[in-house]
Amino acid sequence: IRWTEGRGWHDAQLVPYAPLSIDPANMTLHYAQAIFEGLKAYRQPDGSVATFRPDENARRFQDSARRLAMPELPVETFVEACDALVKQDKAWVPGSGEQSLYLRPFMFATEVGLGVRPSNEYLFVVIASPAGAYFPGGVKPVSVWLSQEYVRAAPGGTGAAKCAGNYAASLVAQAQAAEHGCDQVVWLDAVERRWIEEMGGMNLYFVYGNRIVTPRLTGTLLPGITRASLLQIAADLGYEVSESRISVDDWKDGNADGSLTEVFACGTAAVITPVGSVKSTTGDWTVGDGQPGEVTMKLRKALLDIQTGAAEDTHGWMHRLG
Ligand code: PMP
């Protein structure tokens, strides 16, 4: 679907997957007006297909668009575009369980020009790819590197938007994590370098027995849809859930005195990933016993059961496509 200044959204098309041709002076290539989303379609037990909370992705896409001075796509149009692609590619939605069809809606500037200003034209596109189970060999905890040198987002920046530039800026820290033998980066706040923000492409949760805490949304982390869903699911299951600030010392101390029992990360791709160990310039430690925790696995199952249709969708989160 195209957007042109003065004309708005027009020319919706469903076409076979193919390369796009780009002018070398396309404004996106130079000034990074590019935003995206990620969501999944799951096969349901009756053979139908359903996406998980696409309206929430649509709203976050609008928030990202506003932050990047781009036009907002109506929520219905976003959802209809995803529906049209899933219906077309229904045969590609895997048959069972955690397997899914991953959808990647995105929008970028298409105007050609070298001046730094918002583009007058944009293209909104949705592509899809079948996704296998994230942990085919069983859920395995990840090791994380606390990034004390680089930050992902600063107050007033684009941290709460799902824009391409945030990911470009994170790559060097991800490479450092790999150099330290870690799977993922954990980001700290930009001002005090003290507060835990998020992990790679996932939000974090800290489990203190029956009490579950996730870093509050400060404007510098992405408001994850999995994160929001787990706040609800954990409360449904009787856990005491809160959003607050958690420092590196809280993590270290809670781990040392045993009050912090589990840590996990959550996001569309892996749903829930246990965090097994931490490395940083000021010390390394194992989280709990380094194995996937009981609460982590219980929440993971509860959410996946809703997504795959094994449990009742009490919150009306599944968008059925027939
Ligand atoms: N944080 C970042 C930086 C991400 O890229 C993602 C993935 N979209 C998340 C958190 C998790 O968000 P969601 O649960 O909506 O996938």
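Axes are lines fitted to C-alpha atoms, for helices over the stretch in contact, and the angles between their N-to-C directions run from 0 to 180 degrees. The structure treated in these exercises is a predicted model.

**Exercise 1. Two helices of the second domain**

Determine how the axes of helix H5 and helix H7 are placed, and classify their angle.

Solution.

Step 1. Two packed helices are described by the angle between their axes and the distance between the axes.

Step 2. Helix H5 comprises residues 225-236 and helix H7 comprises residues 294-307; their axes come within 10 Å and cross at roughly 110°.

Step 3. Angles of 65 to 115 degrees count as roughly perpendicular. H5 and H7 are therefore roughly perpendicular to each other.

Step 4. On the side of H5, the residues that meet H7 are Ser229, Leu230, Ile233 and Ala234. Their partners in H7 are Leu299, Ala302 and Leu303.

Step 5. Sorted by class, the residues of this contact are 6 nonpolar, 1 polar and no charged.

**Exercise 2. The pair H2 and H3**

Describe the crossing of H2 and H3, and state which residues make the contact.

Solution.

Step 1. The axes of H2 and helix H3 (residues 75-88) come within 9 Å, and the crossing angle is roughly 125°.

Step 2. Roughly perpendicular ends at 115 degrees and roughly antiparallel applies over 145, with the rest counted as oblique. H2 and H3 are therefore oblique to each other.

Step 3. The crossing of H2 and H3 is right-handed.

Step 4. H2 contributes Pro54, Asp55, Ala58, Arg59 and Phe61 to the contact, while H3 contributes Val75, Phe78, Val79 and Cys82.

Step 5. The contact of H2 with H3 holds 7 nonpolar residues, no polar residues and 2 charged residues.

**Exercise 3. The two domains**

Give the bounds of the domains, and identify the elements of domain 1 that give two or more residues to the side touching domain 2.

Solution.

Step 1. Domain 1 covers residues 2-131 and domain 2 covers residues 142-307.

Step 2. Their C-alpha centres are 27 Å apart.

Step 3. Domain 1 supplies 19 residues to the contact, and domain 2 supplies 11 residues.

Step 4. On the side of domain 1, the elements giving two or more residues are strand S3 (34-36), strand S4 (39-43) and helix H2 (54-67). H2 gives the most, with 6 residues.

Step 5. By class, this side of domain 1 has 8 nonpolar, 3 polar and 8 charged residues.

**Exercise 4. Positive phi in two residues**

Locate aspartate 11 and valine 271, and determine whether each is buried or exposed.

Solution.

Step 1. Most residues other than glycine have a negative phi.

Step 2. Aspartate 11 has a positive phi of about 60° although it is not a glycine. For valine 271, also a residue other than glycine, phi is near 65° and thus positive.

Step 3. Aspartate 11 is placed in the loop between strand S2 (8-10) and helix H1 (27-31), whereas valine 271 is found in strand S15 (residues 271-279).

Step 4. A residue is exposed if 12 or fewer other C-beta atoms lie within 10 Å of its own, and buried if there are 20 or more. Aspartate 11 has 10 such atoms and is therefore exposed. Valine 271 has 26 other C-beta atoms within 10 Å, so valine 271 is buried.

**Exercise 5. The surroundings of three residues**

Describe the burial and the spatial relations of asparagine 203, glycine 209 and glutamine 174.

Solution.

Step 1. Asparagine 203 is in strand S11. Because 23 other C-beta atoms lie within 10 Å, asparagine 203 is buried.

Step 2. Leaving aside neighbours within four places in sequence, asparagine 203 is in contact with several residues, among them Thr214, Leu221 and Cys266.

Step 3. Glycine 209 lies in the loop between strand S11 (202-208) and strand S12 (211-215). With 13 other C-beta atoms within 10 Å, glycine 209 is partly exposed.

Step 4. Glycine 209 and glutamate 262 are 53 residues apart along the chain, and their C-alpha atoms are separated by 8.2 Å.

Step 5. Glutamine 174 belongs to helix H4 (residues 164-179). Glutamine 174 has 19 other C-beta atoms within 10 Å and is therefore partly exposed.

Step 6. Beyond the neighbours within four places in sequence, glutamine 174 is in contact with Val185 and Gly200. From tyrosine 17, glutamine 174 is 157 residues away in sequence and 30 Å away in space, C-alpha to C-alpha.

Conventions: Residues numbered from 1 in each chain as written. Predicted model: local features only at pLDDT ≥ 70, side-chain atom pairs only at ≥ 80, totals over all residues. Domains from an automatic or database assignment. Contact = placed C-beta atoms within 7 Å. Helix = DSSP H or I, 4+ residues; strand = E, 2+ residues; numbered from the N terminus. Nonpolar A, V, L, I, M, F, W, Y, C, P; charged D, E, K, R; others polar. Parallel < 35°, antiparallel > 145°, perpendicular 65-115°, else oblique. Left-handed = near helix turned anticlockwise from the far one by under 90°.
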